[in-house]
Amino acid sequence: MNIILIGIQGCGKGTAIAGLEKHFKLTLVSMGKLLRDEIATGSELGKTIKEIIDRGELAPFDIIESTLRKKLKNSFGDLTVFDGFPRNKEQAELLDSVTKIDKVIHLNLSKEVAIDRILNRLTCSSCAYITKKQLVLNDTCPQCGGKLVSRSDDTIEGINKRFEIYEKETYPLLQMYKENGVEVIDVDASRTPDEVLEDILKVINNEHKI
């Protein structure tokens with residue numbers, strides 16, 4: 001099964017995916033992580049991607065396409081989750097040309113709650129684990145021992161820029177998928193991670209629509 005998680009930054013996609021990995025043999029197509037992995041290599045491509053992300057802009061189509069095809073070529077498992085992709089109509093059309101999407105899950109969250117979450121989060125530079133600043137005593141990741149950092153684009157300016165792009169280019173995809181006959185389900189992402197995960201599992205297991 002192929003599903004897409006769509007939601008405003010800070011809605012908890014990463015946390016939900018971590019929960020899903022405990023229940024399924026999962027292939028994660030996280031464009032953000034794939035791009036950050038390239039940045040971590042220090043390559044010229046990585047440097048270019050970092051400059052783009054720091055400006056709060058989306059990576060160019062050619063970079064997205066080559067990264068996606070490489071990942072799907074090496075996919076495995078019985079559940080593939082797309083996180084942070086597609087982000088616009090052009091990317092959605094590319095994805096449709098590569099694979100079939102079974103469900104779209106929209107993690108619905110207000111801007112106010114999202115901003116509070118983003119400004120108070122730390123991300124592991126090694127494994128992408130996300131936690132709240134108030135939950136850790138130092139900058140060491142409790143999962144892998146890597147360094148916890150604030151992402152360079154987690155600023156009010158960067159956040160507002162991403163929100164603007166999301167509302168203009170990503171949010172309309174929900175209607176597009178509905179019109180194309182793909183099941184789209186809203187999940188209230190303002191609740192606890194366990195509650196959100198429970199609803200996502202119900203959707204995947206076809207127990208009921210939220």
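User: At what angle do helix α2 (residues 31-40) and helix α3 (residues 44-54) pack?

Analyst: In this predicted model, which only trusts local features at pLDDT of at least 70 and side-chain atom pairs at pLDDT 80 or more, while totals for chains, interfaces and linings use all residues, the angle is about 125°, and the axes of α2 and α3 lie 7 Å apart. That makes α2 oblique to α3: angles under 35 degrees would be roughly parallel, over 145 roughly antiparallel, 65 to 115 roughly perpendicular, and the rest are oblique. Axes here are lines fitted to C-alpha atoms, for helices over the stretch in contact, with angles from 0 to 180 degrees between N-to-C directions. And the helices themselves are DSSP runs of H or I with at least four residues, strands being E runs of at least two, all numbered from the N terminus.

User: Which residues of α2 meet α3?

Analyst: Leu35, Glu38 and Ile39 from α2 meet Leu45, Gly46, Ile49, Lys50 and Ile53 from α3. Sorted by class, that contact holds 5 nonpolar, 1 polar and 2 charged residues. Contact means heavy atoms within 4.5 Å. For the classes, Ala, Val, Leu, Ile, Met, Phe, Trp, Tyr, Cys and Pro are nonpolar, Asp, Glu, Lys and Arg are charged, and the others, Gly among them, are polar. Residue numbers start from 1 along each chain as its sequence is written, and side-chain values use heavy atoms, with hydrogens and water left out.

User: Is the crossing of α2 and α3 left-handed or right-handed?

Analyst: α2 passes α3 in a left-handed crossing. The rule is that the near helix is turned anticlockwise from the far one by less than a right angle for left-handed, and clockwise for right-handed.

User: What makes α6 and α7 oblique to each other?

Analyst: Helix α6 (residues 111-119) and helix α7 (residues 156-170) have axes that come within 11 Å and cross at roughly 140°. That angle falls in none of the named ranges, and α6 and α7 are therefore oblique to each other. Their crossing is right-handed. Lys111, Ala114, Ile115, Ile118 and Leu119 of α6 meet Ile156, Ile159, Arg162, Phe163 and Glu167 of α7. That gives 7 nonpolar, no polar and 3 charged residues.

User: How is helix α1 (residues 13-20) set against helix α9 (residues 193-204)?

Analyst: α1 and α9 pack at an angle of about 60°, axes 10 Å apart, which makes α1 oblique to α9. On the α1 side the contact uses Thr15, Ala16, Gly19 and Leu20, and on the α9 side Pro193, Leu197, Ile200, Leu201 and Ile204. By class that is 7 nonpolar, 2 polar and no charged residues.

User: Why is strand β1 (residues 2-6) largely enclosed by the rest of the structure?

Analyst: 5 of the 5 residues of β1 are buried, so the strand is largely enclosed. Buried is under 20% relative accessible area, exposed is over 50%, and partly exposed sits in between, with a 1.4 Å probe and protein chains only. Both faces are covered, with Asn2, Ile4 and Ile6 buried on one side and Ile3 and Leu5 on the other.

User: How do you know which strands pair with β1, and over how many bridges?

Analyst: Two strands pair if DSSP finds at least two bridges between them. β1 and strand β3 (residues 79-83) are parallel over 4 bridges, and asparagine 2 has threonine 80 as its bridge partner in β3. β1 also runs parallel to strand β4 (residues 103-108), again with 4 bridges, and histidine 106 in β4 is the partner of isoleucine 6.

User: Why is threonine 80 called buried or exposed?

Analyst: Its relative accessible area is 10%, under the limit, so threonine 80 counts as buried. Beyond residues up to four places away in sequence, threonine 80 touches Met1, Asn2, Ile3, Thr27 and Val29.

User: And what makes isoleucine 130 partly exposed?

Analyst: Isoleucine 130 has 35% relative accessibility, which is between the two limits. Isoleucine 130 belongs to strand β6 and stands opposite threonine 123.

User: Why is one side of β6 (130-132) left without a neighbour in the sheet?

Analyst: The open sheet has 3 strands in the order β6-β5-β7, with antiparallel pairing. β6 and β7 (148-149) stand at the edges with a single partner strand each, so one side of each lacks a neighbour.
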